[in-house]
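Dear colleague,

I am passing on the structure we spoke about, and below it you will find my notes on its pockets. Please read them with the structure open beside you.

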Amino acid sequence: YFTAVRAGQGLNTVMSQLASHELGVPREAIVLVNGDTSLTTSSGVYGGCRSTYWIGGAIRQASRVLKHAILDTASEMLDVPAEKLYLTARRVYVREKPQQKVSLREIAAEWQRIGHPVRYTGVFDLSHQAHRNGKDGLLGHYVAGMALAQVRVNLKNGKVDVLKVVVAQDVGRAINPVDLQGQIEGAVVMELGATLMEEYVPGQTLDLKSYRIPRIKDIPAITVLPLEYPSHDGPHGAKGVGEAVMGHTRAAIANGFYNATGVRV
């Protein structure tokens with residue numbers, strides 16, 4: 001169970017990846033419950049590229065605690081040290097003697113019999129770092145990046161076309177490379193709109209017909225160069241990426257316009 005806003009960033013995919021990796025079971029064995037306030041507490045702010053870093057860190061902790069509890073009980077039931085066991089989607093096996101096994105159903109029944117807890121909580125708390133990293137210890141997942149933009153300007157009519165954008169971005173560790181690339185490409189398109197098209201005019205801008213955003217024909221060729229410099233505390237070294245690309249792309253476009261015209265806007 002967790003609470004985080006899904007905004008098309010592949011959040012459930014990454015969270016199930018983190019849980020399945022820690023538990024050592026297939027992703028198909030993971031059932032996610034997101035946003036059910038009867039089961040979860042508030043996870044705080046999701047802005048600032050924090051979801052994978054903070055909530056992913058908590059899911060990783062919870063998965064570790066749950067796996068440890070399962071293997072400890074299986075160890076007692078099989079009379080085999082926990083380090084000689086491995087967990088699958090349905091059973092716990094002895095590594096050197098796979099014929100020796102116990103099902104998760106049997107473990108759950110044993111937990112119920114002895115009054116053992118069946119729900120575990122993961123807490124990813126870096127408040128102890130606040131004194132050296134600033135408020136809430138946020139600097140632990142700050143990132144760096146740069147962008148290059150190839151810009152063409154028609155000096156007769158002022159029409160601006162962005163032909164190509166290359167983004168090099170520190171991502172910490174790419175948990176899901178496909179989703180990561182999609183997020184960076186999406187950020188580039190948002191920056192394109194913010195820099196060249198989007199404008200709210202009071203009394204005139206009423207809908208998306210009068211508020212122009214990038215269309216498919218406006219989108220340039222985008223090359224993403226993810227740079228992996230793992231963070232110290234993030235899950236598997238992950239850092240945020242969603243909003244991290246917002247800024248240097250628009251600067252690159254503005255600089256391209258300046259190089260073509262000699263004018264700063």
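Which helix gives the most to the lining of the largest pocket? Before the answer, please keep in mind that this is a predicted model. The helix in question is helix 2, which contributes eight residues to that lining.

The largest pocket holds about 1500 Å³ of space. It is lined by 43 residues, and those closest to its centre are Y1, I59, A62, S63 and Y120. Helix 1 (11-23), helix 2 (51-78) and helix 3 (104-114) are the elements that each supply two or more residues to this lining. As for the chemical character of the largest pocket, its lining residues divide into 29 nonpolar, ten polar and four charged.

The second largest pocket has a volume of about 540 Å³. Its lining is made up of 26 residues, among which Q9, T52, Q183, V241 and G242 are the closest to the centre. Here the elements that give two or more residues are helix 1, helix 2 and helix 5 (177-196), and the largest share, three residues, comes from helix 5. The lining of the second largest pocket divides into eleven nonpolar, ten polar and five charged residues.

If you wish to follow one element through both pockets, helix 2 is listed among the contributors to the largest and also among those to the second largest, as is helix 1 in the largest and in the second largest.

With best wishes

Notes. Residues are numbered from 1 along each chain as its sequence is written. This is a predicted model: local features need pLDDT of at least 70, side-chain atom pairs count only at pLDDT 80 or more; totals for chains, interfaces and linings use all residues. Side-chain values use heavy atoms; hydrogens and water are left out. On a 1 Å grid over the protein atoms alone, a cavity is a set of points where a 1.4 Å probe fits but cannot get out, and a pocket is an open set with protein on both sides within 12 Å along at least five of seven lines; lining residues have an atom within 4 Å of a point. Grid points are joined across faces, edges and corners, and a volume is the space filled by probe spheres set on the points. Helices (H or I, at least four residues) and strands (E, at least two) are DSSP runs, numbered from the N terminus. Ala, Val, Leu, Ile, Met, Phe, Trp, Tyr, Cys and Pro count as nonpolar, Asp, Glu, Lys and Arg as charged, and the others, Gly among them, as polar.
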